Amino acid sequence: MSKAVIEVSGLHKVYEGAVPVRAVNGIDLTITEGEFTALKGPSGCGKTTLLNLLGGLDQPTSGSILIDGTDITGLSDNELIDFRLHNIGFVFQAYNLIPVLSATENVSFIMLLQDRPKEERLARAEQLLKAVGLEGKEDKRPGQLSGGQQQRVAVARALASKPKFVLADEPTANLDSESTAKLLDIMEQLNREENMTFVFATHDDRVISKAKRVVSISDGKVISDTSK
Amino acid sequence: MILKVAWRNIWRSRIRSIIVLSSIAIGIWAGLLIIGFSFGMNNERTAAAIGATLGHSQAHSADFLQDPSPSAVIAPEAYENLVAALEEQPFVTGYAPRTMLQGMVASAKQTRASRIIGVNAESERANTTITTYMQEGDFFETRVRKGVVISEKLAEKMGLGMKKKMVLTFQDHNGIIHKATFRVSGIYRTLNAAWDELNIYVQQKDIERIIGTPLIHEVLISYDKSEDTEEKTAAISAAVVTPTVITSWKQNSPELGFADDMMGIMLVLVLGIIMLALLFGIINNMLMAVLERRRELGMLMAVGMNKRKLFSMILIETLMLGLVAGPIGMLLGDLSIRVMMNVGLDLSTKKDGLAELGVQSTIYPEVVPEYYLVMAFMVILTALVAALFPAYKALKLNPVRAIRGN
């Protein structure tokens, strides 16, 4: 049996206000190593909030989140930053690459934050860019790459830190069909060949159709959880 | 790579960065010019005063410093001791004894109070630059009995000219009042209008003939160099016997000494004001840079850039602005000063006002290397301080909201 990478229990997130919003309302979820999971649901259903909680970017109102056995809800801000750096890869909807750095530099920057030696950084960046099909584009800056290519650099960057899993928030939202297909193929291949765990928040059917497990969320609750 | 990122980030908004870099460079350039001209003006004024009238130090009897009355003389044995002490000091290049009398000078047009300086013409010429300020006649080089050298300003006010007579009235050391007619044998104009208006020169031997005995109230002392004047003065002081007192030019001309002492403080204040203006420019620039890059900074925090590294990145970017603009400003300032050192700044339209301050109408700046270090330090300090608020704003970003662009 595969090892649990993420174990969520009794997770709540309430945004206080005139009318409190229960963005996450009692979720229990376990994601094991090597899964290719899509969190699906309409806008405002709480999937991005859940993803932010899993990534340690936001703190839950109650409940626990165990990442590889560590309860991240008890970590301080600085500990969370360090935890994210070494355990979680992120892919954002808007790519969020550093525009003044080349593809290689963008990928190796996160390894610099980990204080890894230059040779290792360059070698891994080159290997990852090759893996996402960007051989020959290593020296291009984000502005010189298409949206799909930029998102592939973002995937390479997410993997560069050797994370335990990758969280991707609507990774295909800004991509055309061809770029989406290519990106999904790459991520599927990384999942298959390197046993990398991916968790997507998406409402894109193209992503959902590729996912091996689909967790449907509505009003901050899991309403269905199906594996293919 | 942080350095590389910082460097490239500076050039993201090229025009904005060029504007802020230019403002820093211009601020530094202006600061260096102010320093150069201030030092040039002050040193020239001081050198002129020391050369023409003050000497590097002076000897008096202690009584004279309390009350400069005719009786407060340096006694003959004290003078001999002083001369022996001066000749022992390798840095003393010469000395000139003076008789100092307060008196009245009268022409057909006017009567005025004046300070009558009785000089040994040869010593005075050798140890001061007074001859270079002669406008008419000479400084007792032509043999003339009872000649007087007065300033151009006094001549004008009293309606006197060369070879004109003036009557000097003064009291001797015994309280006896003497009156004698002198003839103008020279007219001078130093850089110090206030000095010119008050002081007239006669020969000691003429005073001696009138009074009947030699009187020495003051001995002007010249050094080989103007550096370490206080230490040199102290060395002579230690070698002379009381009641002779040696005072440096700063003590003899407190206003010049004060200006010299205050100049450093004033210049640091001026530089501080320039840096304060630059500070707000840099803060504005960096704050805009941080706010424009909210999404990117949020991403960096999300993926694991800790607060220390984020702070360092903003700090390095800000420092780089100073490190790029600083040398440019200093180079421009240095070049400008070196050009102006030859050309000078012509302020002849303000000639009379400057003369009242003892300053020439053309000011030549000086290169003051130690202030380059002060300037470099201030630029770095300004950049560091300017980085604090933008860096604080960056640290306060919420990664989730920042990534969304909120």
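**Notebook: the two domains and the largest pocket**

I began with the contact between the two parts of chain B, and found that domain 1 of chain B and domain 2 of chain B bury about 530 Å² between them, with 53% of that area on carbon and sulfur atoms. I note here that the model is a predicted one.

For the bounds, I looked up the division of chain B, which gives domain 1 as 2–49 + 257–404 and domain 2 as 57–225. Six residues from domain 1 of chain B and five residues from domain 2 of chain B take part in the contact. I then took the centres of the two domains over C-alpha atoms and found them 50 Å apart. I also looked for salt bridges between domain 1 of chain B and domain 2 of chain B, and the count was zero.

Next I turned to pockets, where the largest has a volume of about 620 Å³. Its lining comprises 30 residues, and those closest to the centre are L54(B), R115(B), W195(B), N252(B) and S253(B). By residue type, I sorted the lining of the largest pocket into 14 nonpolar, 10 polar and six charged residues.

Which element gives the most to the lining of the largest pocket? I found that α2(B) does, with six residues. Among the elements of chain B that each supply at least two residues of this lining are also β1 (57–61), β2 (92–106), α7 (193–198) and α11 (254–292). Finally, I checked the lining of the largest pocket against the domain bounds, and both domain 1 and domain 2 of chain B contribute at least three residues each.

Technical notes
Residues numbered from 1 in each chain as written. Chains lettered and ligands numbered in written order. Predicted model: local features only at pLDDT ≥ 70, side-chain atom pairs only at ≥ 80, totals over all residues. Heavy atoms only, no water. 1 Å grid on protein atoms, 1.4 Å probe; cavity = no way out; pocket = protein on both sides within 12 Å on 5 of 7 lines; lining within 4 Å. Points joined across faces, edges and corners; volume = space filled by probe spheres on them. Helix = DSSP H or I, 4+ residues; strand = E, 2+ residues; numbered from the N terminus. Nonpolar A, V, L, I, M, F, W, Y, C, P; charged D, E, K, R; others polar. Domains from an automatic or database assignment. Contact = heavy atoms within 4.5 Å. Buried area = accessible area lost by both parts, 1.4 Å probe. Salt bridge = Lys/Arg side-chain N within 4 Å of Asp/Glu carboxyl O.
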